[in-house]
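Here are my notes on the model, point by point. Have the structure open while you read.

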Amino acid sequence: MKLFGKKRKPSQKAFAVVTGAGSGIGRSFALELAKRGGTVVCSDIDLDAAKETVSLIENLGAKAFAVKCDVGNAKQVEKLAEQAEQLMQHPTTLVINNAGVGLGGKFDEMTLADWKWVADVNLWGVVHGCHYFVPKFKQLGHGAIINVASAASYTAAPEMTAYNVTKAGVRALSETLSAELRKFDIKVNVLCPTLVPTNIIKNGKVPHKGLLDYALTNLAFTTSDKVAKLTLDRLDKDQLYTIPQIDAKLFWLMKRAAPNLYAKFLGNSYRFMK
Ligand SMILES: NC(=O)c1ccc[n+]([C@@H]2O[C@H](COP(=O)([O-])OP(=O)(O)OC[C@H]3O[C@@H](n4cnc5c(N)ncnc54)[C@H](O)[C@@H]3O)[C@@H](O)[C@H]2O)c1
């Protein structure tokens, strides 16, 4: 039996596509891949932001390309997969489905248009990325996928229903693909962080923006650069989960060890806070 990818390190000298590469965690992924000898297609719905990331990579002496792509649009992601190969003059070996948006608010105050917006980007964006790159990886004989979920995929924090649902979907998708694609030497990692200082609150539709942005900037236990490095290292070690911070790990353990107690604790804490 073939030993599947035991020695391959997908983050080294990668031919990578990163979605949402114009800011935050996506930009950090793109820069770290370049430092590891990779060529990177930086895609973003905001082309100018993607171009800025490309300039930063070029300053490091590495090769990168900016492509405008709305991950919620299947046709655009299909085109991105084709274009990436042409631009890099090499098949893509790693895709990072990172693009995402923030949405908060009480369940009954959230509109269906809000649900659709966040689902299109956070969930369908990742489905589209996997859909168009997996057949290419199978053809190549190997490949790697990093899907950016969130600790929200299991913490179930109140007033984040739609966001939590999309991230739980991304985690389930990644867990399933990890099992299904192992025999094709396609590695999968799913990133589940709590707070990381980025532009997600500024760019998102969330109540109490100022307060939340303050928390994100000042109370986070990590940086986007550290998260990107750790995730790429975890992928190289063929680990499915990256749960980067101590609070993310604690929530993960509590939820798994005592799920009913956790649900009551969460509900009672929320009731107390309101
Ligand atoms: N920052 C956090 O605290 C945190 C925590 C957990 C998970 N995440 C996840 O990390 C990922 C990256 O977010 P970030 O925190 O770096 O935020 P960010 O706002 O700094 O960066 C997100 C990038 O995605 C791009 N984008 C938005 N909609 C897009 C679309 N439809 N198509 C393509 N690109 C689009 C934006 O232009 C931006 O450049 C997201 O999936 C987010 O849900 C963030």
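1. In which hand does α1 pass α2? The crossing is right-handed (the near helix is turned clockwise from the far one by less than a right angle; anticlockwise would be left-handed). Helices here are DSSP runs of H or I, at least four residues, numbered from the N terminus.

2. Before going further, a caveat: this is a predicted model, with local features needing pLDDT of at least 70 and side-chain atom pairs counting only at pLDDT 80 or more, while totals for chains, interfaces and linings use all residues. Residues are numbered from 1 along each chain as its sequence is written, and side-chain values use heavy atoms, with hydrogens and water left out.

3. Back to that first pair. Helix α1 covers residues 24-35 and helix α2 residues 47-59; their axes come within 10 Å and cross at roughly 25° (axes are lines fitted to C-alpha atoms over the stretch in contact, and angles run from 0 to 180 degrees between N-to-C directions). That makes the two roughly parallel (angles under 35 degrees). On the α1 side, Arg 27, Ala 30, Leu 31 and Ala 34 meet α2 residues Ala 49, Glu 52, Thr 53, Leu 56 and Ile 57 (contact means heavy atoms within 4.5 Å). By class, that is six nonpolar, one polar and two charged (Ala, Val, Leu, Ile, Met, Phe, Trp, Tyr, Cys and Pro are nonpolar; Asp, Glu, Lys and Arg charged; the others, Gly among them, polar).

4. Next, α3 (residues 74-88) against α4 (residues 112-140): the angle is about 35°, with axes 9 Å apart, and this crossing is right-handed. From α3, Ala 74, Val 77, Glu 78, Ala 81, Glu 82 and Glu 85 meet His 128, Gly 129, Tyr 132, Phe 133 and Lys 136 of α4. The split is five nonpolar, two polar and four charged.

5. α4 also packs on α6 (residues 161-181), at about 15° with axes 8 Å apart, which makes them roughly parallel. Residues in this contact include Trp 115, Val 118 and Leu 123 of α4 and Tyr 163, Lys 167 and Leu 173 of α6. The tally is 15 nonpolar, four polar and two charged.

6. Finally, the ligand. 29 residues surround it, the closest being Ser 23, Asp 44, Asn 98, Tyr 163 and Thr 198 (a heavy atom within 4 Å). A side-chain N or O atom of Lys 167 sits 2.9 Å from a ligand oxygen. Backbone N or O atoms take part too: one of Ile 25 is 2.9 Å from a ligand oxygen, and one of Ile 45 is 3.3 Å from a ligand nitrogen.

Note on methods: Parallel < 35°, antiparallel > 145°, perpendicular 65-115°, else oblique. Polar contact = N/O pair within 3.5 Å; in protein donor to acceptor, adjacent residues only side chain to side chain.
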